[in-house]
Protein chains: 2
Amino acid sequence: MNQPGESLRDRKKRRTRAALERATVRLSAERGYDHVTVEEIAAEADVSVRTFFNYFASKDEALIGADPEAGPRMAERILAFPGTVTPFEAYRQSVLAEITEELDNARDLWLLRKEVLMQRPDLLVRAFANSAESEQALANAVAHRAALPESHLYPRLLVAAGSAAFRCAVTRWAHDDSLALGDLVTEALDLFGTGLAHTPQHHHEGGS
Amino acid sequence: MNQPGESLRDRKKRRTRAALERATVRLSAERGYDHVTVEEIAAEADVSVRTFFNYFASKDEALIGADPEAGPRMAERILAFPGTVTPFEAYRQSVLAEITEELDNARDLWLLRKEVLMQRPDLLVRAFANSAESEQALANAVAHRAALPESHLYPRLLVAAGSAAFRCAVTRWAHDDSLALGDLVTEALDLFGTGLAHTPQHHHEGGS
DNA sequence: AACTTTTTTGCAGTCACTGCAAGTTTGCAG
DNA sequence: CTGCAAACTTGCAGTGACTGCAAAAAAGTT
């Protein structure tokens with residue numbers, strides 16, 4: 001019995017993982033990240049504490065819902081773009097696609113996460129720290145796309161810029177959600193694209 | 001007895017802090033970061049474990065030697081530049097000045113840190129996560145310098161880029177120390193300055 | 001020397017996280 | 001359905017980072 005789709009096992013695993021992620025986010029938003037113990041999260045998700053750590057390497061990871069497939073998926077996206085597209089554009093589009101897809105799948109979770117991140121912005125940074133290896137793979141994809149050696153600065157820097165753009169965007173989004181997260185990320189990446197040497201002008205809001 | 005310079009107390013505090021930092025780096029380089037306990041570090045520095053935590057909020061911080069005065073100092077540097085210098089340049093110069101000064105003061109420590117960071121690159125990222133508030137202050141200085149509101153994206157992004165540049169530079173430095181750390185940071189910041197939209201060309205090394 | 005302020009320390013406790021050795025569930029035959 | 005192996009879950013015992021608190025020890029002041 002191995003339907004190409006999913007076995008019972010796989011389905012259960014997915015559900016458990018989702019339940020743990022959801023429980024972590026929900027409880028953290030409710031009473032604050034460090035007033036929630038892993039024990040409580042596990043209880044909420046109806047599994048043992050030990051099982052929690054079978055799914056996530058840390059409480060941090062569970063809050064962000066680090067998707068182990070996200071890295072490879074992004075790499076695929078980047079490499080799938082035709083050669084006429086610059087590496088920067090390919091990367092930009094891939095980041096955007098990933099974000100909008102993620103937001104479509106779990107917008108409610110991200111709204112709750114926002115609450116948590118507003119009070120603990122450092123959690124986002126820490127979450128990215130854990131995915132350092134994943135970033136490495138991404139950087140290699142960019143390097144390949146740009147016909148640069150993997151040791152070159154550019155790919156790593158581009159990926160790091162992406163993280164930074166995402167982090168800044170989320171932080172701003174958390175403070176003022178009148179803008180779409182995707183637009184904020186786009187804005188940040190555009191700044192990186194055109195270069196930070198140009199100081200943007202400040203337009204006083206006056207006209208209607 | 002309060003010489004303008006330093007009281008006995010201040011001197012002792014500096015020495016203890018330095019001893020703890022040094023012990024953390026030395027032992028971590030010797031046997032690996034997570035094979036060293038805070039207890040051992042404290043013993044090496046001849047203080048109690050509790051005192052360790054009076055000086056550093058975490059083991060991570062002690063390894064990097066997070067200097068609480070670094071943030072304000074950088075802000076000062078940035079604001080001290082004449083108005084004819086662009087914010088980007090002011091920031092770039094400040095980062096560079098800070099790094100070279102730090103390296104002059106404690107080059108040996110950084111050589112040891114390099115060993116540790118080679119095996120655990122995530123520690124650098126995590127260290128930056130803790131200084132999120134410090135980054136905020138820096139961003140505000142940049143905002144002031146650029147005549148932008150503190151809510152603007154640019155300052156935050158510039159500071160984030162600085163962190164990223166530093167991190168990438170250190171990582172590369174750790175793998176190949178034939179280059180000066182300062183030069184690597186400069187290279188990275190230059191890329192950010194001119195914009196990531198331009199893909200750099202790969203020059204095959206062939207001619208002498 | 002008496003007194004105040006700072007710094008150090010020990011202690012008890014919480015909690016994230018880990019390895020290990022059962023248990024339990026699922027998948028797959030026979 | 002029965003037996004078997006692989007995958008998953010669980011409990012348990014242990015390590016180690018980190019915290020609050022209150023007492024001891026300096027250091028600075030009069």
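How many nonpolar, polar and charged residues make up the surface near DNA strand D? Let me answer that straight away: the surface divides into eight nonpolar, six polar and seven charged residues, where Ala, Val, Leu, Ile, Met, Phe, Trp, Tyr, Cys and Pro count as nonpolar, Asp, Glu, Lys and Arg as charged, and the others, Gly among them, as polar.

Before going on, I should say that this is a predicted model, in which local features need pLDDT of at least 70 and side-chain atom pairs count only at pLDDT 80 or more, while totals for chains, interfaces and linings use all residues. Residues are numbered from 1 along each chain as its sequence is written, chains are lettered from A and ligands numbered from 1 in the order in which they are written, and side-chain values use heavy atoms, with hydrogens and water left out.

Let me begin with chain A by itself. It has ten helices and zero strands, these being DSSP runs numbered from the N terminus, with at least four residues of H or I for a helix and at least two of E for a strand. The C-alpha atoms of chain A fill a box of roughly 50 × 50 × 30 Å along the principal axes.

UniProt, in an unreviewed entry, lists "domain: HTH tetR-type" for residues 14-74 of chain A, and its annotation "DNA-binding region", also from an unreviewed entry, covers residues 37-56 of chain A. These positions are given in the numbering used here, the feature names are shortened, and such annotations may be inferred rather than shown by experiment. Over residues 37-56, chain A is 70% helix and 0% strand, with the end C-alpha atoms 14 Å apart.

Now to the DNA. DNA strand D is surrounded by 21 residues, the closest being A:Lys13, A:Thr51, B:Lys12, B:Arg50 and B:Lys59, and a residue is near a strand if one of its heavy atoms lies within 4 Å of it. Of the strand D atoms within 4 Å of the protein, 63% belong to sugar or phosphate and the rest to bases. For individual polar contacts, meaning N or O atoms within 3.5 Å (within protein, one must be able to donate a hydrogen and the other to accept it, and residues adjacent in sequence count only if both atoms are side-chain atoms), a polar side-chain atom of A:Thr51 lies 2.5 Å from a phosphate oxygen of DNA strand D, while a polar backbone atom of B:Lys59 is 2.7 Å from a phosphate oxygen of that strand. The largest share of the surface near DNA strand D, four residues, comes from H3(A).

Next, the two protein chains. In chain A, 38 residues are in contact with 38 residues of chain B, contact meaning heavy atoms within 4.5 Å. About 3400 Å² is buried between chain A and chain B, and carbon and sulfur atoms give 74% of that area; buried area is the accessible area (1.4 Å probe) that two parts lose on being put together, summed over both. A:Leu153, A:Leu157 and A:Leu196 supply 19% of the area that chain A buries against chain B, more than any other three residues.

Which kinds of pairing occur across this interface? The rule finds eight residue pairs in polar contact, both at pLDDT 80 or more, but zero salt bridges, a salt bridge being a side-chain nitrogen of Lys or Arg within 4 Å of a carboxyl oxygen of Asp or Glu.

Over all chains, however, the count comes to 37 salt bridges. In one of them A:Asp177 pairs with A:Lys114, the closest N and O atoms being 2.8 Å apart. Because A:Asp177 lies in the loop between H9 and H10 of chain A and A:Lys114 in helix H6 of chain A, the pair ties together parts that are 63 residues apart in sequence.
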